[in-house]
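Ready for some practice in reading a protein structure? Have the sequence and the 3D view open, and try each task before you look at its solution.

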Amino acid sequence: MAGTTGLEPATSDVTGRRSNQLNYVPASPRGISLMLTRLPCAGKNHLWYRGEMKTRALFGAAILSALLAGADRKPTPEEARKFIDDAEQKLLVLAVDAGRADWIKSTYITDDSEAIAAKLDERSIAATVDFAKRATRFDGLTLDPVTARKLKLLKLSLPLATPSDPKESEELTRIAAGMEGTYGKGKYCPTGPASCKDLEALSKILAENRDPKQLRDAWTGWHAIGRGMRKDFVRYVELANKGAKQLGFEDNGAMWRSKYDMPPDRFARELDRLWEQVRPLYLSLHAYVRHRVREKYGDLVGANGPIPAYLLGNMWAQEWDNIYPLVAPPNADPGYDLTALLKQHKTDWKQMVKYGENFFVSLGFSPLPQTFWERSLFLKPRDREVVCHASAWDIDTLNDLRLKLCIDITGEDFLTIHHELGHNFYQRAYNRQPFIFRDSANDGFHEAIGDTIALSVTPEYLVKIGLLDKAPDTSKDIGLLLHRALDKIAFLPFGLMIDQWRWKVFSGEIPPARYDESWWELHRKYQGVAPPGRRSEADFDPGAKYHVAANVPYMRYFLADILQFQFHRALAQAAGCKGPLHRCSIFGNKAAGSRLNTMLEMGLSRPWQDALEKIAGTREMDATAIRDYFAPLEKWLNEQNKGIPVGW
Ligand SMILES: [Zn+2]
């Protein structure tokens, strides 16, 4: 937590998943994350890594003048190819330099290492903006598909297009930085300066405290930070739309959606279709949790209405695993304790990483290079400050792979290592692609891969590697599945609604006078949660979520949650697994490994539908794999829910 980018996750990782250490989700803005030299796990909660700085870079003002400059002579396809080759070469060099500096900054935090990393980052961002602008000169040319795709990715790489008017451009840049700064500095000071609590402290209350008064106070205190952003946000929407229109998009939301290799409106419909597939399971989970939370808090929770957001263990009610102890079934003991097993076997940090590497080797991947072992950071140093959040890096985008985490001998870190190495093996698999294509097939894929691998850490796998003597009976699985569902299933409607709201804001369907009202309407519609008490349009609750305040698109997290189960089911089928899906592990199966590798090595070179087809045999995302995976839990939930209201 010691970095000073201001982007570190403000919550400490309470559950292990998806906040910092594990953070299963890449915040990486694909496209120009070309320049990303690592694929860290930041996430839905917060972001902190260098790649994210790229996202925040603004697509600069001179677009129109660039167009005009090119207008006196029509460029040729050959010039376009040369241009993109040149861009790739230069951006690669800058990315590697910035990556090295960033590595040092994260593993040896000093004022100097931070200053140097910031400078090289800025240089890399500036070059990207410059190339992206100049790429518009080739608009309308008939090009070969590879060049056309590279140019498109280059131009879509930044999430905000500033208007061509220099004053407006400057204003948007200032507003965007200001809102993020307001969020980063946000504190709740109930009784004067000495009482101030930051997001980390407030999140800890939400996660651990069970006194509804204190929970509500922490929730309300944090959400008040949004108020100061409202006016700026209105202006940000106007200016961002103006910039997006100048690039040929209907609005900023349409620009974000256009990254997904399908018409923006069709993409939006796809997401609704996926949600409908998984919604029955969510309804069952919601009803069960509401019932149990009502047993704890009484009439604060209505028997058949939405659940108060502040009672679910998380500031945004986006994952509910912190309240697992409140809702755990009787006999929730899974029959083994991975942390205890690791300790019994006297596992050290190197063996922890070896287990992970061995998982991939068993699938047919080559072992990690010697430099991985020499250059990674595996342990928290005693004598200096480092950023301990787990992340996976590919410094030279070729073979200089590294892991950075401070390993504890726990089951959680065992999972984290498998997850992070998923990123590393993905990075290496696409390293023969041209630089711009060295990335995941869309921004949901990278994190989905890490999570897919983690889903294969089953009791049967632990038996095969000699950590566990005998896999427990599947009747023991409900507790584990419920815990996982409180994380992954509870998240889905939240992951979906954040950008549903923003897309409507950018399109004008939601006017400023309805910002807060519509925010909670969507929470109610998708999640079945409600704010404590009445909110008004003096409030601006969306601003209390990092990704809104900081202009970071969010749909990738929803996609990653859907895709990981689809990948897992497809690979389990390839491996011939006949058991329940949540007990399938692809460990040791070369057929599954080869199917996985075929997809990984494509990188971003083709539309994501092509990549999906390689791994899953279909060009459509499919959320039914989630229902399959959680089938025993869904059955159990429906039994528990007999006689109690479902829905809201
Ligand atoms: Zn990750």
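Three short exercises follow, each with a worked solution.

This is a predicted model, in which local features need pLDDT of at least 70, side-chain atom pairs count only at pLDDT 80 or more, and totals for chains, interfaces and linings use all residues. Residues are numbered from 1 along each chain as its sequence is written.

**Exercise 1.** Find the mean pLDDT of the protein chain.

*Solution.* Start with the term: pLDDT is the predictor's confidence in each residue, from 0 to 100. The mean for the protein chain is 88, and 89% of its residues reach 70 or more. Next, look at residues 1-40, where pLDDT stays under 50. Over residues 60-70 the pLDDT is also below 50.

**Exercise 2.** Decide whether Ala560 is buried or exposed.

*Solution.* First, locate Ala560: its place is in helix H22, residues 555-574 (helices are DSSP runs of H or I, at least four residues, numbered from the N terminus). Then recall the cut-offs: a residue is buried if 20 or more other C-beta atoms, placed from the backbone, lie within 10 Å of its own, exposed if 12 or fewer, and partly exposed in between. Ala560 has 29 other C-beta atoms within 10 Å, so Ala560 is buried.

**Exercise 3.** Work out how strands S7 and S8 run where bridges join them.

*Solution.* Begin with S7 at residues 391-394 and S8 at residues 401-404 (strands are DSSP runs of E, at least two residues). Four bridges join S7 to S8, and the two run antiparallel. One bridge pairs Ser391 with Lys404 in S8. Finally, view the hairpin: six residues lie between the strands, and Thr397 in the turn has a positive phi of about 55°.

Note on methods. Contact = placed C-beta atoms within 7 Å. Pairing = 2+ DSSP bridges.
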